[in-house]
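Please take me through this model in the viewer, telling me at each stop what to select and what can be found there.

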Amino acid sequence: MLRNRLTNLIRSAVESLIASGMLPSEARVPVEITDTKTRDHGDFACNFALTATKKAGIPPRQIGVMLKQVLESSSGEASSPIATVEIAGPGFLNIHLKPEAVAAYVDTVLDMGNSLANLAAQSFEGQKLPKLNVEFVSVNPNGPITVGSARGAVFGDVLCRVFAAAGYPVDREYYINDGVNSKQMRLFAESVQSYALGLPLPENGYQGDYVKDVAEEVSRLFGRDASRKEPVGWWQERSQELMLERQRQDLATFEVGFDRWFSEQSMHESGLVTDSLEKLKANGSADSECYRTEVVREGKEATLEQKPEECGPLWLRATKFGDDKDRVLLRSDGRPAYIAGDVAYMESKLGQRGYEKAIIILGPDHHGYIPRMNAVCQALGYPQERFEIIIFQIVRFVKDGKPAPMRKRDGNIYELRDLIDEIGANSSPTADKAEQQRIGKDVSRFFYLMRSHETHMDFDIDLATKQNDENPVFYVQYAHARICSVIAKAESAGFVRDDNNPTDAALLTHETELALIMKILDLPIEVARCAKDYGVHRLTTYAIELARTYHHFYDACRVVQPEEPALTLARLNLCHAARTGLRAVFTLLGVSAPERMDRETAS
RNA sequence: GCGGCCGUAGCUCAGUGGAUAGAGCGCUUCCCUCCGGAGGAAGAGGUCGUGGGUUCGAGUCCCACCGGCCGUGCCA
């Protein structure tokens with residue numbers, strides 16, 4: 001919007017200088033509008049003169065002078081938002097905007113309403129955006145959603161919300177590792193069975209309350225005596241189903257949802273696994289020749305060596321596609337290796353179901369996976385650009401200032417649901433369960449999202465559960481509650497926003513008013529950037545900044561003033577616009593927008 | 001060994017190759033005749049791990065080193 005207009009203005013100014021011969025055509029470098037750090041540097045800055053100086057062969061300040069002339073000569077026209085241009089430092093153009101041009105955007109924001117974030121799509125205009133499949137979480141159905149996997153869950157969730165706002169068609173998917181031959185799933189089933197029937201736990205069996213929960217649920221649903229007679233396969237099916245249900249519930253509480261829960265086993269049954277392996281054999285990427293290829297490194301030299309191997313397994317020749325070693329697809333006895341499912345799954349996404357790009361979000365223990373999966377992608381004949389793995393880094397849990405194991409005192413795994421419940425109970429002891437979960441969800445989501453997914457993160461459990469004032473989500477939500485309160489106050493004084501009765505936005509001239517408008521307008525730009533570089537944590541920073549900008553405005557400008565009805569209405573509109581902006585970020589972050597916040601006073 | 005990530009204020013961390021490096025918490029002051037004080041204003045606090053390089057310009061990009069965390073399977 002505002003930035004686009006400025007970019008276009010400067011671009012055409014450059015063109016006119018080139019047309020009149022004052023700039024050589026080589027000077028046609030991209031125009032970039034940047035933020036300024038202080039008010040002294042204007043509302044926006046442009047570094048064109050600095051970036052173009054070399055190609056133009058003209059000193060930066062001289063280019064600046066020419067641009068200033070062109071831009072200011074047209075600033076008298078009503079369509080130009082530019083008031084003045086200054087040349088500063090080595091050759092920055094500091095652009096000062098007309099206050100009324102900024103103020104006019106309040107109406108734009110109000111018109112957009114809930115779809116404000118969708119303006120991000122403007123940054124991708126003219127681009128064909130690929131149809132995306134984003135797979136994330138995908139925790140094995142033999143364990144709960146832990147506080148560790150929760151990081152990937154919120155990250156993936158918000159990333160998908162951002163993609164959608166930016167205009168990408170996107171489907172979210174959860175991969176269920178439910179292969180019937182899985183040893184781990186069998187052991188899990190046996191463990192559940194032991195708990196349910198009071199038998200001794202198998203060696204290395206699964207322990208913990210969640211296993212007991214599943215066991216009790218099986219007994220409740222099917223009867224202890226009836227289930228006693230059932231074979232392990234029956235237990236496997238039931239315990240897997242119930243475990244998945246628990247995961248689904250926890251994710252729902254966390255406001256993370258999926259378009260599709262995709263079963264690994266279904267691909268074995270439908271023949272897709274076999275078909276995909278045949279495809280690899282047919283195109284020469286897989287064979288059962290009697291050798292094994294490995295990359296051998298000596299210093300910086302790397303060579304491919306073929307080593308003798310007993311005949312039998314079906315090999316994916318992954319080394320052809322940059323992997324370190326070839327991978328077994330079918331074991332010597334004909335049973336598929338795990339990666340066979342991955343091959344079929346890739347084929348399902350990029351082939352069968354026609355997604356133009358598949359993204360997988362994985363934890364830090366998976367980066368050995370990247371070259372392997374890239375090889376799978378290429379072996380199936382798909383270009384590398386159509387597949388991407390995003391790794392989020394580890395969450396380290398800290399308690400009492402020391403690294404803490406991911407288990408609670410009673411030895412149970414720290415589940416996401418425990419975290420949500422603890423935060424909610426501590427911050428609002430007397431609220432009902434649903435309200436506590438809402439608070440726990442808001443705080444934990446925000447906490448996870450504050451850090452970049454690609455950096456390590458210390459999760460201080462004491463901090464998150466006890467000292468809630470330190471969590472900025474309350475600061476941000478308070479701004480929203482405050483706006484609601486002001487709007488209610490205005491209403492009781494007889495001031496109501498009315499689309500049919502336009503207000504005079506030009507009355508908004510105070511520096512904090514203009515700063516607030518410009519901050520709201522930044523939202524679509526932030527969203528577009530997130531869609532490009534996946535840095536969704538910046539949305540939390542943005543939310544805090546927007547809240548702060550509102551508090552500044554609130555402090556400096558009184559909204560409800562019966563003796564100034566026109567100004568009151570103009571400021572009321574600004575409040576609505578700010579609330580629109582806050583709600584838009586909240587929606588992206590999956591954080592609620594409470595209209596009032598009542599602190600429980602600790603006695 | 002190989003690979004990934006990190007090192008910025010006392011603590012937890014932001015920071016798009018741009019000008020005087022920011023925020024929250026903590027610390028020291030101040031501000032309700034006023035729409036919610038979960039707020040605002042001011043102050044103290046920094047060799048951006050070290051050393052080179054790239055360029056008009058580096059916390060940001062490249063290389064080396066130091067320090068920390070993690071991963072490295074014919075497992076699923």
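The tour below starts at the RNA, moves to a sheet and its helices, and ends with a few single residues and one more helix. Please keep in mind throughout that this is a predicted model.

**First stop: the RNA strand and its surroundings**

Select RNA strand B together with the residues that surround it, of which there are 56, with Arg331, Tyr478, Arg482, Ser485 and Arg558 being the closest. If you colour this surface by residue class, you should find 19 nonpolar, 15 polar and 22 charged residues. On the RNA side, 59% of the atoms of RNA strand B within 4 Å of the protein belong to sugar or phosphate, while the rest belong to bases.

Now show the side chain of arginine 451, where an N or O atom is 2.9 Å from a sugar or linking oxygen of RNA strand B. For contacts to bases, turn to the backbone instead: a polar backbone atom of tyrosine 554 is 2.7 Å from a base nitrogen of RNA strand B, and a polar backbone atom of cysteine 557 is 2.9 Å from a base nitrogen of the strand. Switching to a cartoon view, select helix 2 (48-56), strand 4 (92-97), strand 17 (457-460), helix 18 (472-492) and helix 21 (538-556), which are the elements that give two or more residues to the surface near RNA strand B. Which of them gives the largest share of that surface? Helix 18 does, with eight residues.

**Second stop: a five-strand sheet**

Next, select the five strands of an open sheet, which follow one another in the order 7-6-5-13-14 and pair in parallel. At its edges are strand 7 (260-263) and strand 14 (387-391), each of which pairs on one side only. Looking across the sheet, you will see neighbouring strands turned against each other by 25° on average, with direction ignored.

Begin with strand 6 (residues 170-176), which is joined to strand 7 by four bridges in the parallel sense; here glutamate 173 stands opposite arginine 260 of strand 7. Then add helix 6 (residues 149-165), which packs on the sheet and touches strand 5 (132-135), strand 6, strand 13 (357-362) and strand 14, with its direction making about 155° with that of strand 6. Helix 14 (residues 369-379) can be added as well, since this helix lies across strand 13 and strand 14 and runs at about 165° to strand 14.

**Third stop: strand 13**

Keep the sheet on screen and isolate strand 13, which is largely enclosed by the rest of the structure because six of its six residues are buried. Both of its faces are covered, with Lys357, Ile359 and Ile361 buried on one side and Ala358, Ile360 and Leu362 buried on the other.

Strand 13 runs parallel to strand 5, to which four bridges join it, and it pairs with strand 14, also in the parallel sense, over five bridges. Isoleucine 359 is a useful residue to centre on, as valine 134 stands opposite it and its bridge partner in strand 14 is glutamate 388.

**Fourth stop: single residues**

Select tryptophan 315, which is found in strand 11 (residues 314-316); at 6% relative accessibility, this residue counts as buried. A distance drawn from its C-alpha atom to that of leucine 280, 35 residues away along the chain, should read 9.8 Å.

From there, move to arginine 327 in strand 12 (residues 327-330). Is this arginine buried or exposed? Arginine 327 counts as buried, because its relative accessibility is 17% and the limit for that class is under 20%. Leaving aside residues up to four places away in sequence, arginine 327 touches Leu314, Trp315, Leu316, Ala318, Ile339 and Arg372.

For contrast, select alanine 434 in helix 16 (residues 433-449), which counts as exposed at 55% relative accessibility. Its C-alpha atom is separated by 9.4 Å from that of threonine 253, although the two residues are 181 apart along the chain.

**Last stop: helix 19**

Finally, select helix 19 (residues 511-521), a mostly covered helix in which nine of the eleven residues are buried. The buried residues to highlight are Thr512, Glu513, Leu514, Leu516, Ile517, Met518, Lys519, Ile520 and Leu521.

Definitions and conventions
Residues are numbered from 1 along each chain as its sequence is written. Chains are lettered from A and ligands numbered from 1 in the order in which they are written. This is a predicted model: local features need pLDDT of at least 70, side-chain atom pairs count only at pLDDT 80 or more; totals for chains, interfaces and linings use all residues. Side-chain values use heavy atoms; hydrogens and water are left out. A residue is near a molecule or strand if one of its heavy atoms lies within 4 Å of it. A polar contact is a pair of N or O atoms within 3.5 Å; within protein, one must be able to donate a hydrogen and the other to accept it, and residues adjacent in sequence count only if both atoms are side-chain atoms. Ala, Val, Leu, Ile, Met, Phe, Trp, Tyr, Cys and Pro count as nonpolar, Asp, Glu, Lys and Arg as charged, and the others, Gly among them, as polar. Two strands pair if DSSP finds at least two bridges between them. Axes are lines fitted to C-alpha atoms, for helices over the stretch in contact, and angles run from 0 to 180 degrees between N-to-C directions. Contact means heavy atoms within 4.5 Å. Buried means under 20% relative accessible area, exposed over 50%, partly exposed in between (1.4 Å probe, protein chains only).
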